[in-house]
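Me: I'm new to this one and would like to be walked through it. Can we go question by question?

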Amino acid sequence: MSHSLSDLEARLSGSLDDNLAGRLPDAATVAAADARARHWISPHQGPLKPGSPEHKQAVCRMFEETFNPYKPSVIPWPKLEPEALARITSLPIWDIAVQTEGKARLRMSAYAATIDDPEMRETIARNGWEENRHKEVLSRLVEAYGIQLAPEPEYVPPRDPEWAYLVTGFSECVDSFFAFGLFEMARRSGFFPQELTDTFEPVIQEECRHILLFANWLAWHRATMPWWKRPWFELRVLAVWVFLGWERIGLAKTVDGEGRERTQDNNFTVTGAKAVSAEDYSLADIIDLCLIENDRRFAGYDPRLLRPTTMPALARFARWFMRKPNRMAQQARA
Ligand SMILES: [Fe+2]
Ligand SMILES: [Fe+2]
């Protein structure tokens with residue numbers, strides 16, 4: 001059964017907007033909302049087995065109760081010194097970031113509309129709503145700092161919502177993993193004023209919640225689908241990873257401004273690190289920091305909920321071949 005996408009979005013958007021209506025929250029309210037968004041434990045006693053009603057309810061409640069009611073329209077964008085402003089405007093990410101959020105919103109909402117289970121439907125639709133809020137935050141930032149964007153493409157609803165949702169969900173798992181590390185580098189570097197990194201902090205944590213939801217939706221979906229659908233579904237999951245690998249390599253090729261073809265995503269990560277920090281991070285350092293940040297961001301959520309595992313496992317596997325001491329862990333301990 002398919003539920004009307006526009007109805008679902010209109011209803012959800014109405015209730016969430018009411019939630020945020022017109023008040024400027026004081027600092028204590030903002031701090032409390034921020035803490036709530038990072039910590040959540042289910043009151044349920046006993047295990048949360050994927051596929052069980054208890055697990056599903058825990059996932060949906062986690063997502064609802066960790067909602068951070070920040071409002072893009074009231075974010076004060078700090079005035080930047082010319083150097084910081086130049087760094088921000090020259091980051092080669094704004095077009096792709098805005099378009100990624102726009103696509104994610106549409107794909108999540110479209111998939112939500114195909115889900116029969118009302119709680120899960122509402123939860124995924126809520127995730128779509130939050131993606132749109134990310135897009136709004138970015139649009140306001142772009143406006144505040146005079147960043148020129150390429151015209152956005154038309155956002156077309158996907159013909160295969162499940163496939164589109166899988167691509168978006170796994171993409172978020174990959175991007176967030178690196179974003180966690182790069183964001184921490186940016187924060188430590190002093191390249192950007194603290195008010196600016198503070199403004200983005202809840203957005204980055206929100207992506208952590210999103211991939212936490214995705215990992216648990218995936219387990220729920222696997223556990224509740226008829227057994228004969230599983231092989232086809234697993235083939236699709238595999239195809240998504242192949243597609244993402246191919247797409248990332250394509251992406252890395254296009255970001256080199258000197259016309260040289262790059263064939264490894266590694267370079268993209270290191271280039272990204274150079275854009276946000278003056279420190280000389282090796283690829284091993286970057287991976288270590290991403291892993292530390294990944295663990296830290298998930299630490300406040302119920303350990304019985306599943307975490308995304310593929311990116312950390314791939315990163316640990318790649319790291320194993322790099323014989324370099326873990327400078328990041330030593331720094332963290334110091
Ligand atoms: Fe997002
Ligand atoms: Fe997201």
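**Starting from the core**

Of the 74 residues in the largest nonpolar core, Ile-124 and Trp-217 are the ones touching the most other members. Helix α8 supplies the largest share of this core, twelve residues. Keep in mind that this is a predicted model.

Me: Which residues does Trp-217 touch, leaving out those up to four places away in sequence?
Reply: Trp-217 is, with Ile-124, a residue that touches the most other members of the largest nonpolar core. Leave out residues up to four places away in sequence, and its contacts are Tyr-111, Met-120, Ile-124, Tyr-165 and Leu-166.

Me: Which residues do ring pairs link into a cluster?
Reply: Let's take the aromatic rings next. The structure holds 16 aromatic pairs. Ring pairs join six residues into a cluster: Tyr-111, Tyr-165, Phe-170, Phe-214, Trp-217 and Trp-241.

Me: Are Phe-317 and Phe-321 stacked, tilted or edge-to-face?
Reply: Both Phe-317 and Phe-321 are exposed. Their ring centres are 5.2 Å apart, with 85 degrees between the planes. Planes over 60 degrees apart count as edge-to-face, so the pair Phe-317 and Phe-321 is edge-to-face.

Me: How far is Arg-87 from the ring centre of Phe-191?
Reply: There are arginines placed over rings here. One of them is Arg-209, whose charged end sits over the ring of Phe-63, 4.2 Å from its centre. Arg-87 lies over the face of Phe-191, and its distance from the ring centre is 3.6 Å.

Me: What kind of secondary structure does the protein have?
Reply: Read along the sequence, the pattern is α-α-α-α-α-α-α-α-α-α-α-α-α. Strands number zero, and what the protein has is 13 helices.

Me: What share of the 334 residues counts as buried?
Reply: A residue counts as buried under 20% relative accessible area. Of the 334 residues of the protein, the buried share is 46%.

Me: Among contacts between residues at least 6 apart in sequence, what share joins residues at least 24 apart?
Reply: Take Ala-215 and Pro-308 as a pair to look at: they are 93 residues apart in sequence, yet 5.3 Å apart in space, C-alpha to C-alpha. Across the protein, among contacts between residues at least 6 apart, the share joining residues at least 24 apart is 84%.

Me: Which protein residues are donors to the iron ion (ligand 1)?
Reply: The donor atoms lie 2.1 to 2.2 Å from the iron ion (ligand 1). Along the sequence, the donor residues follow the spacing E-x29-E-x2-H-x72-E. They are Glu-101, Glu-131, His-134 and Glu-207.

Me: Is the site of the iron ion (ligand 1) tetrahedral or irregular?
Reply: The four donor atoms make angles of 78 to 145 degrees. A tetrahedral site needs all angles between 85 and 135 degrees, so this set does not pass and the site is irregular.

Me: How many residues apart are Glu-101 and Glu-207?
Reply: Glu-101 is in helix α5 (residues 94–112), and Glu-207 is in helix α8 (residues 194–224). Glu-101 is buried, because its relative accessible area is 12%, and Glu-207 counts as buried too, at 12%. In sequence the two are apart by 106 residues.

Me: Which residue coordinates both iron ions, ligand 1 and ligand 2?
Reply: The iron ion (ligand 2) has donors in Glu-131, Glu-172, Glu-207 and His-210, at 1.9 to 2.8 Å. The two iron ions lie 3.4 Å apart, and the residue that bridges them is Glu-131.

Me: Which helix holds both Glu-207 and His-210?
Reply: Glu-207 and His-210 are both buried. They are three residues apart, about one turn of the helix, and that helix is α8.

Me: Which residues does Ser-176 touch, leaving out those up to four places away in sequence?
Reply: Ser-176 is in helix α7 (residues 161–189), and it counts as buried because its relative accessibility is 4%. Leaving out residues up to four places away in sequence, Ser-176 touches Glu-207 and Ile-211.

Me: Is Ala-215 buried or exposed?
Reply: Ala-215 is in helix α8. With residues up to four places away left out, it touches Leu-306, Arg-307 and Pro-308. Its relative accessibility is 13%, so Ala-215 counts as buried.

Definitions and conventions: Residues are numbered from 1 along each chain as its sequence is written. Chains are lettered from A and ligands numbered from 1 in the order in which they are written. This is a predicted model: local features need pLDDT of at least 70, side-chain atom pairs count only at pLDDT 80 or more; totals for chains, interfaces and linings use all residues. Side-chain values use heavy atoms; hydrogens and water are left out. Rings of Phe, Tyr and Trp (its six-membered ring) pair if their centres lie within 6.5 Å; planes under 30 degrees apart count as stacked, over 60 as edge-to-face and the rest as tilted. Buried means under 20% relative accessible area, exposed over 50%, partly exposed in between (1.4 Å probe, protein chains only). A charge sits over a ring if NZ of Lys or CZ of Arg is within 6 Å of the ring centre and within 35 degrees of the ring normal. Donors are N, O and S atoms within 2.8 Å of the metal (3.2 Å for Na, K and Ca); water is not among the atoms, so sites may look incomplete. Four donors count as tetrahedral if all angles lie between 85 and 135 degrees; four count as square planar and six as octahedral if opposite donors are over 155 degrees apart and all others between 65 and 115; anything else is irregular. Helices (H or I, at least four residues) and strands (E, at least two) are DSSP runs, numbered from the N terminus. A nonpolar core is a set of buried Ala, Val, Leu, Ile, Met, Phe, Trp, Tyr and Cys residues joined through side-chain atoms within 4.5 Å. Contact means heavy atoms within 4.5 Å.
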